[in-house]
Structures are given as C-alpha cells and as structure tokens.
Amino acid sequence: MAEEGRRGEEDDHGPGAAHRGFVVMENLLEKLKLLNYEEEVLVKHNMKSLARHYFVSSPYLASNPGEQFYMFTIIAAWLINMAGRPFIEPQEYDEPNATVSNILAELRAFGVKVDFPPSKLKSGSGEYVCFVLDRLAEEALKNRGFIFRRPNYPAENPEEESVIDGDAELTLSKVEEEMVEESDDEENVMDLEALKLRSAHTEAEPTSKPDEILESTVDAAEWRLEVERVLPQLKVTIRTDNKDWRIHLDQMHQHRDGIKSSLKETKSYLDRLQEDIGKTLEKVGSREKYINNQLEHLIQEYRSAQAKLSEATERYKEASGGVTERTRVLAEISEELEKVKQEMEDKGSSMSDGAPVVKIRQSLTKLKQEIVQMDVRIGVVEHTLLQAKLKEKSNMTREMHATNIPEPAAGPFA
C-alpha cells in the first residue's frame, strides 16, 4: 500500500518530480555565484566550493549530514544578512533545533509560506533545504537590485527554419520505416546531405527559360520503366539524432505501451500465482492445525519431560556445587595431613639418629673443661684478693703505729 501511495504521488507530480531538486540546486549555485559567495563565505570560513548537487538528497550521492547542516546554516545566515536583516552567524556547537527555528522565522518574515516541519532541515540535504536557500538567495538578489532579464536570441533565416521543420516532421513520421530500410538497402540509398548539395548546385547554375511550352517526346511506358529502375536510388536517408527530444518522447511512449501490454499479461499470471499461493497457504494452515491436534498429547508429554529435565538440571547444579565445596575441603585436609606426616617423619628420624647424643656428650665435655678453667681463674682471683686485703691490713697497722710515737723533748740544743 505504501508503494502504491508513493507511485500515486509521483504520478500527480509528474515523472520529473524526483529530479526537481537537482534543477533547484543548480539554479541556487548560480545565484550564489552572482552574490560572490566564494570570497565572502568560503574564503572566510576556509571551506571548499560547493558541488553542483551538494544539498541534493539522493542514494547515488555521498552525504555527510553534519558537514552539510553546518554549511546550510552558514550560507543561510549569510543570505539573511545579505537580504537586509541582521542575523547572528550560528556556531558549530549550537543547538540545531534553535538554529533551524530562527532561520525559518526569518524566512517567514520575508513572506514565504513554510508548510513543512523544522526537522526536515536537520539532515542538511533534501528538497526543503534547497527550497529555503533558493528563496533566501532570491531575497538577497532583490536587496542588491539584481534583475533577471529575458535572453536575446539571434535572428534566424526563415528559409532554414522551414527546411529544419520539414526534416523534423519527416523524422517523426518515417523514422522507424527509414531505420529498417536503411539496414536493408544501404548500398542503394542516397544521402540527404548529398541531395541538398546537389539541389543547391543546380539552383546556382544559370538556367535558360524556354520561350514556349515544352512537350515530352518520351513514351510513357519507357518513362515508367525508368522510374522503377531509378526509384531505389531516390530514397532519402534521414540521420536520426539521439539528442532530439522528439525521438526520446516517441521512445518513452513506445516503452510505456510495451509496459502496459506486458503488465496486462503479467498481472493475469500474478493474480493466478496469488490464488495458487493463497490456496497453498490455506492447505498448509489446515494441515498444521490437524497435526497440532493429533500431536497434542505428545506435546504435553514433551512439556512435562522438559519440566522434569529442568528440575533434574537444577538438582544436579546444586549437588555439583556441594561436591565442589567438599572437594575443596578435602584438598585442604589432605594438605594439612601431608604437613603432619612430614613433621612426624622428621621427628622419628631425629629420635632414631645417634648424632644428637654425640653432640650432647661433646657439649658436656666442653662444659666440664670450661668449668675447670673457671675454677682455676676463680682461685687465682681469690688469691689475688687475699693478698690485696693482707697488704691493705699491714698498711693500716703501720699507719696506726706511726701515729702513736711520742714527740722528742726540746733541749737547749734544739
């Protein structure tokens, strides 16, 4: 249904509606060149020149929505200023909705009717983007006083026009027949250009007009024979020009008729195919219902088995979790047991070994020797101490006796 509605819209707008944006964009580019946008916009912002179809939205053209939207806002702001209304140039990080709303407000101020939502301009390309820029460019040209004048066509010779028109009419009426005959009788065909040159050459030669009426002396039968013999050489070949719009128009009509005739035949086949597919789908649906009814008890059994399987899977997960925990505990206990065994082995080996006893005996012997040496040292120290005490005692006694000696009496010879 969407495709039919789309086709209906294309039929209402005509076959060239899809390519209207290309024409609008080309006209817009010419208007921007008239306004000298290269120096005032591109050089100022260090941008590259616009392509012929830069703002056209087409699957056959490369698009960059961010770059195109920024370029659209910059050019729109410049055109509004050129049209005589102050407008602040938008920046790259401004809010897109606010920028688009301001541009549409300025466009409405110029008296342009806007009947589309602002979201159509956020993509930076498309029919509405070209429309907005084209109207702003017209307002800018009006503000500058620029006026488009009608073209002056050079005068043409009416004789040449009549010759061209006659050739065109002949092309429209005889083009198919002449193309077929040209492929069959190429050797016996006279070129149109040669015929024109021959006619021009005969007109240029001076002719002498007879003074009296000429009467033919040739037999009519011989004349007919001569005409039949020369008739194939008198054919005029018209070289078809592929650029002629009439030929394209005829081809379009031919293709349209061919499409219509093919569509009638194809539509009947498609309708028949649709009926067959519908019947097949009905049969498949009925068979599916029958199979579902027949296999209902098996499905119930399968569901119950699936539920039991899920329960068993849950129990298995729980059991496997307990086993994992017990395995970890067993590993820890085994490690501790190995440590205890190693300690017991070390102690048993040390108990059965005689090396410690020998060491103890050696230590006792050494200890006894040290005790004897200490006793000797103690005896020496006690003897030294006793001598010191005796010496000190004798000194004290001597000092006591020295203090008790009486003083001699003083005599005459003293």
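**Nonpolar core, a buried glutamate and surface features**

In this predicted model, the largest nonpolar core comprises 43 residues, and among these L50, F55, F72, I75, L79, V132 and L133 are the ones that touch the most other members. Two or more residues of this core are supplied by each of the helices α2 (20–34), α3 (37–45), α4 (65–82), α5 (96–109) and α6 (127–144). The greatest contribution comes from α4, which gives 11 residues to the core. In soluble globular proteins, nonpolar side chains tend to be buried together.

The surroundings of V132, one of the residues that touch the most other core members, can be described in further detail. When residues up to four places away in sequence are not counted, V132 touches F72, I103, L104, L107, F116 and L121. Of these partners, F72 is itself listed with V132 among the core residues that touch the most other members.

Helix α5, which is among the elements giving two or more residues to the core, also carries a charged residue, E106. E106 counts as buried because its relative accessibility is 13%, which is under the 20% limit applied to buried residues. The side chain of E106 makes a polar contact with the side chain of R85, at a distance of 2.6 Å. With neighbours within four places in sequence left aside, the residues in contact with E106 are I80, R85, P86 and F87, so that R85 appears both as a contact and as the side-chain polar partner of this glutamate, contact being defined here by heavy atoms within 4.5 Å.

Two asparagines in loops have positive phi values although neither is a glycine. N36, in the loop between α2 and α3, has a phi of about 60°, whereas N46, in the loop between α3 and α4, has a phi of about 55°. The two residues also fall into separate accessibility classes: N36 counts as partly exposed because its relative accessibility is 27%, while N46 counts as exposed because its relative accessibility is 73%.

Nonpolar side chains are also found on the surface of the model, where L270, L273, I277 and L281 form a patch. Together, these four residues have about 390 Å² of accessible area. L270, one of the members of the patch, lies in helix α10, which spans residues 245–294.

How values were computed:
Residues are numbered from 1 along each chain as its sequence is written. This is a predicted model: local features need pLDDT of at least 70, side-chain atom pairs count only at pLDDT 80 or more; totals for chains, interfaces and linings use all residues. Side-chain values use heavy atoms; hydrogens and water are left out. Patches are made of residues with over 30% relative accessible area and no salt bridge: like charges are joined within 9 Å, nonpolar side chains (Val, Leu, Ile, Met, Phe, Trp, Tyr) within 5 Å. Accessible areas come from the Shrake-Rupley method with a 1.4 Å probe; for residues, only the protein chains shown count as cover. Helices (H or I, at least four residues) and strands (E, at least two) are DSSP runs, numbered from the N terminus. A nonpolar core is a set of buried Ala, Val, Leu, Ile, Met, Phe, Trp, Tyr and Cys residues joined through side-chain atoms within 4.5 Å. Buried means under 20% relative accessible area, exposed over 50%, partly exposed in between (1.4 Å probe, protein chains only). A polar contact is a pair of N or O atoms within 3.5 Å; within protein, one must be able to donate a hydrogen and the other to accept it, and residues adjacent in sequence count only if both atoms are side-chain atoms.
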